[in-house]
Amino acid sequence: MEHNQYQHIEEAVAYIKGKIGQLTPIIGLVLGSGLGDLAHEVEEAVAIPYSDIPHFPVSTVEGHAGQFVVGKLEGKAVIVMQGRFHYYEGYSMQKVVFPIYVMKSLGVQILVMTNAAGGMNRAFRPGDLMLICDHINLTGDHPLIGRNDSRLGVRFPDMSEAYSRKFRGLAHRLSSQIRGDDGDALELQEGVYCGISGPAYMTPAELKMLVVIGGDAVGMSTVGEVIAARHAGMSVLGISCITDMAIGEELEPLTHEQVVEVANRTKPKFIALVKAFVREVQ
């Protein structure tokens, strides 16, 4: 961890507090590719471009707006990351997770992590929502390598329940109240997320390997951020929007535009689920 990370976090927090006044967000939401429209649901919203915040990286990926949106969602004080940073953009893993520590220092206790992912479980279909029950870090890096700052978290954080079992249970209960366009209740999948560095999509042989080691979905984000969140003492709900099927022997060519298109189609039920979770979570 960078030796001046704590000071940089404090400076970023001071800038944000100057913009949001007395509001103390208790829930943080990180919105992945094509899912940023949830930020439009925030009331009394204050938008803060990342480029204005001291020491912040800037999101370079299409579909990521690149700003914090702070306000009220379902009556709760929230801070929404509309766009995130990725290891493949050339940022260090410490820089990728920097906003997580900033959110924690602002008061966030509950983190909702979302992403677009390729489905490797044959029971999945494009457009499904998958609750993340666990992850496998295949990025080749780790955000906590280096000297630990005990003001941010313990040297060896426990990862036995990286994704809250209680939060997953709540999400499953709420999903039965959410109806799709066909009138049927929302059915949530659940599985293990494999986090890779990217930016290339995976080869068929690589995808077959991920299935063998226990993966259900694959993507290029989330894992580092969740490690940082657990290091900081946050509880996490993870949701993947399954945008395509990444099955080795049946692999079709894929573009980022296709990923965003499927995420866009899934948005209504995704937004409904997240809003219900924010409303009900304690």
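These are my notes on one pocket and one helix pair in this structure.

**Entry 1: the model.** I am working from a predicted model.

**Entry 2: the largest pocket.** I looked up the volume of the largest pocket and found about 570 Å³. I then checked the lining, which has 31 residues. Nearest the centre of the pocket lie Tyr201, Met220, Asp244, Leu254 and Val259.

Next I asked which elements give two or more residues to this lining. I noted four strands, β5 (110-119), β7 (189-196), β8 (217-219) and β9 (235-245), and one helix, α6 (256-280). β5 gives the most, with four residues.

I also sorted the lining by residue type. I have 17 nonpolar residues, 10 polar and four charged.

**Entry 3: helices α2 and α5.** I turned to the packing of α2 (residues 93-106) with α5 (residues 223-231). How far apart are their axes, and at what angle do the helices pack? I read 9 Å for the axes and about 50 degrees for the angle. Angles of 35 to 65 degrees fall in the oblique class, so I put α2 and α5 down as oblique to each other. I recorded the crossing of α2 past α5 as right-handed.

I then listed the contact residues. α2 brings Met93, Val96, Val97, Ile100 and Tyr101. α5 brings Gly224, Glu225, Ala228, Ala229 and His231. By type, I wrote down seven nonpolar, two polar and one charged for this contact.

How values were computed. Residues are numbered from 1 along each chain as its sequence is written. This is a predicted model: local features need pLDDT of at least 70, side-chain atom pairs count only at pLDDT 80 or more; totals for chains, interfaces and linings use all residues. Side-chain values use heavy atoms; hydrogens and water are left out. On a 1 Å grid over the protein atoms alone, a cavity is a set of points where a 1.4 Å probe fits but cannot get out, and a pocket is an open set with protein on both sides within 12 Å along at least five of seven lines; lining residues have an atom within 4 Å of a point. Grid points are joined across faces, edges and corners, and a volume is the space filled by probe spheres set on the points. Ala, Val, Leu, Ile, Met, Phe, Trp, Tyr, Cys and Pro count as nonpolar, Asp, Glu, Lys and Arg as charged, and the others, Gly among them, as polar. Axes are lines fitted to C-alpha atoms, for helices over the stretch in contact, and angles run from 0 to 180 degrees between N-to-C directions. Angles under 35 degrees count as roughly parallel, over 145 as roughly antiparallel, 65 to 115 as roughly perpendicular and the rest as oblique. A crossing is left-handed if the near helix is turned anticlockwise from the far one by less than a right angle, and right-handed if clockwise. Contact means heavy atoms within 4.5 Å.
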